[in-house]
Amino acid sequence: MTNRRQLLVKVRKLFDLLVMSMSFALASWISFLQHNGLNSFQQFLSIRVKVQNFVLFIAFLLIWQSILNLFSLYKSHRLSDRWKEVFDIIKA
């Protein structure tokens, strides 16, 4: 693999992890708003986080990354059909 290809794969992996993290943060914020009324974003950020919850979140990130690697979503699909790639994403 060339250096450029390796960089692109790493960027895609980082992007996937950022998407998952942002989705989790958005879901947490929505849940916070529903249970605690309309409070400020500062109050949301001041929530105490247990070490166990942080470890669980990291485990989810690692599992997410492993699943995407298992289904070969980071390999080149430029010569394959777009529908096959969409099916692989849905399958993962």
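Read along the sequence, this protein goes α-α-α-α. That is 4 helices and 0 strands. Keep in mind that the model is predicted.

Now the overall picture. The protein has 92 residues, and buried ones make up 14% of them. The accessible surface comes to about 8000 Å². Carbon and sulfur atoms hold 68% of that surface.

Next, contacts along the chain. Take the contacts with a separation of 6 or more. What share of these comes from residues 24 or more positions apart? The share is 53%.

On to the aromatic rings. How many aromatic pairs does the structure hold? It holds 1. The partners are F24 and F57, with ring centres 4.9 Å apart. Their planes stand at 35°. Is that stacked, edge-to-face or tilted? Stacked needs planes under 30 degrees apart, and edge-to-face needs over 60. At 35°, the pair is therefore tilted.

Where do the two rings sit in the chain? F24 is in helix 1, which covers residues 3–36. F57 is in helix 3, residues 51–70. The two are 33 residues apart, so this pair links distant parts of the chain.

Last point: are these two residues buried or exposed? Start with F57. Its relative accessibility is 17%, and buried means under 20%, so F57 counts as buried. F24 has 47% relative accessibility. Exposed would need over 50%, so F24 counts as partly exposed.

To recap the pair: F24 in helix 1 and F57 in helix 3, tilted at 35°, with F57 buried and F24 partly exposed.

How values were computed: Residues are numbered from 1 along each chain as its sequence is written. This is a predicted model: local features need pLDDT of at least 70, side-chain atom pairs count only at pLDDT 80 or more; totals for chains, interfaces and linings use all residues. Side-chain values use heavy atoms; hydrogens and water are left out. Buried means under 20% relative accessible area, exposed over 50%, partly exposed in between (1.4 Å probe, protein chains only). Contact means heavy atoms within 4.5 Å. Accessible areas come from the Shrake-Rupley method with a 1.4 Å probe; for residues, only the protein chains shown count as cover. Rings of Phe, Tyr and Trp (its six-membered ring) pair if their centres lie within 6.5 Å; planes under 30 degrees apart count as stacked, over 60 as edge-to-face and the rest as tilted.
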